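Visitor: I would like a close look at one part of this model, with the terms explained as they come up. Please take it slowly.

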Amino acid sequence: MDIRELTVDEVRKYIEENYNQLPETLIKQLKVDPRRGVRKIYQQLIRKREQLREERKRVWELYNFERETGCTLVAGVDEAGRGPLAGPVVA
């Protein structure tokens, strides 16, 4: 696909519809496109991918204890607010 044939809005729509299956060649085209709007789409795409990578890393680290101990199911309860409604909380 040659993005030079598409308008900026068409490029944006295509990226949104095909986010999970964008070829690297298309991403490289976005980076070097002379149109400011397309380069902005590229920057947003890269930022979104970086945020997703960081979130995956964060979640991976949250489950580190479970992986190390071999636990497959973990249950938890959290009391939200100023205090319990029906007496003391026991863990």
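Visitor: Which residues does Arg49 touch, not counting residues up to four places away in sequence?

Guide: Arg49 touches Tyr19, Leu22, Glu24 and Ile27, once residues up to four places away in sequence are set aside. Contact here means heavy atoms within 4.5 Å. Before going on, note that this is a predicted model, where local features need pLDDT of at least 70 and side-chain atom pairs count only at pLDDT 80 or more, while totals for chains, interfaces and linings use all residues. Residues are numbered from 1 along each chain as its sequence is written, and side-chain values use heavy atoms, with hydrogens and water left out.

Arg49 has its place in helix α3, which covers residues 36–62. Helices are DSSP runs of H or I with at least four residues, strands are runs of E with at least two, and both are numbered from the N terminus. The protein chain has four helices and zero strands, in the order α-α-α-α along the sequence.

With a relative accessible area of 28%, Arg49 is partly exposed. The scale calls a residue buried under 20% relative accessible area, exposed over 50%, and partly exposed in between, using a 1.4 Å probe and protein chains only. Of the 91 residues in the protein chain, buried residues make up 18%.

One of the residues that Arg49 touches is Tyr19. Arg49 and Tyr19 are 30 residues apart along the chain, and their C-alpha atoms are separated by 9.8 Å. Contacts over such stretches of sequence can be put in figures: among contacts between residues at least 6 apart in sequence, 52% join residues at least 24 apart.

Tyr19 has a further partner in Lys48, whose charged end sits over the Tyr19 ring, 4.3 Å from its centre. For this, NZ of Lys or CZ of Arg must be within 6 Å of the ring centre and within 35 degrees of the ring normal. The charged end of Arg67 likewise sits over the ring of Trp60, 3.5 Å from its centre.

Leu22 is another residue that Arg49 touches, and it leads to the nonpolar core. A nonpolar core is a set of buried Ala, Val, Leu, Ile, Met, Phe, Trp, Tyr and Cys residues joined through side-chain atoms within 4.5 Å. The largest core has 13 residues, of which Ile3, Val11, Ile15, Leu22, Leu30 and Leu45 touch the most other members. Helices α1, α2 (24–32) and α3 each give two or more residues to this core, and the largest share, four residues, comes from α3. In soluble globular proteins, nonpolar side chains tend to be buried together. Leu30 shows how the chain comes together here: apart from neighbours within four places in sequence, Leu30 is in contact with Ile3, Val11, Ile15, Val38, Arg39, Tyr42 and Leu45.

Elsewhere in α3 lies Gln43. At 48% relative accessibility, Gln43 counts as partly exposed. Gln43 and Lys31 are twelve residues apart in sequence and 8.0 Å apart in space, C-alpha to C-alpha.

Helix α3 also holds a pair of charged residues. Side chains of opposite charge can pair when their charged atoms come close. A salt bridge is a side-chain nitrogen of Lys or Arg within 4 Å of a carboxyl oxygen of Asp or Glu. Glu50 forms one with Arg53, the closest N and O atoms being 2.7 Å apart. Because Glu50 and Arg53 are three residues apart in α3, they are separated by about one helical turn. Salt bridges with shared partners join Glu50, Arg53 and Glu54 into one network.

A search of the whole structure finds eight salt bridges. Among them is the one between Arg35 and Asp33, with the closest N and O atoms 2.9 Å apart. Arg35 counts as partly exposed because its relative accessibility is 24%, whereas Asp33, at 4%, counts as buried. Another joins Glu17 to Lys13, with the closest N and O atoms 4.0 Å apart. Both of these residues lie in helix α1 (residues 8–17), four residues apart, about one turn of the helix. Glu17 has 54% relative accessibility, so it counts as exposed.
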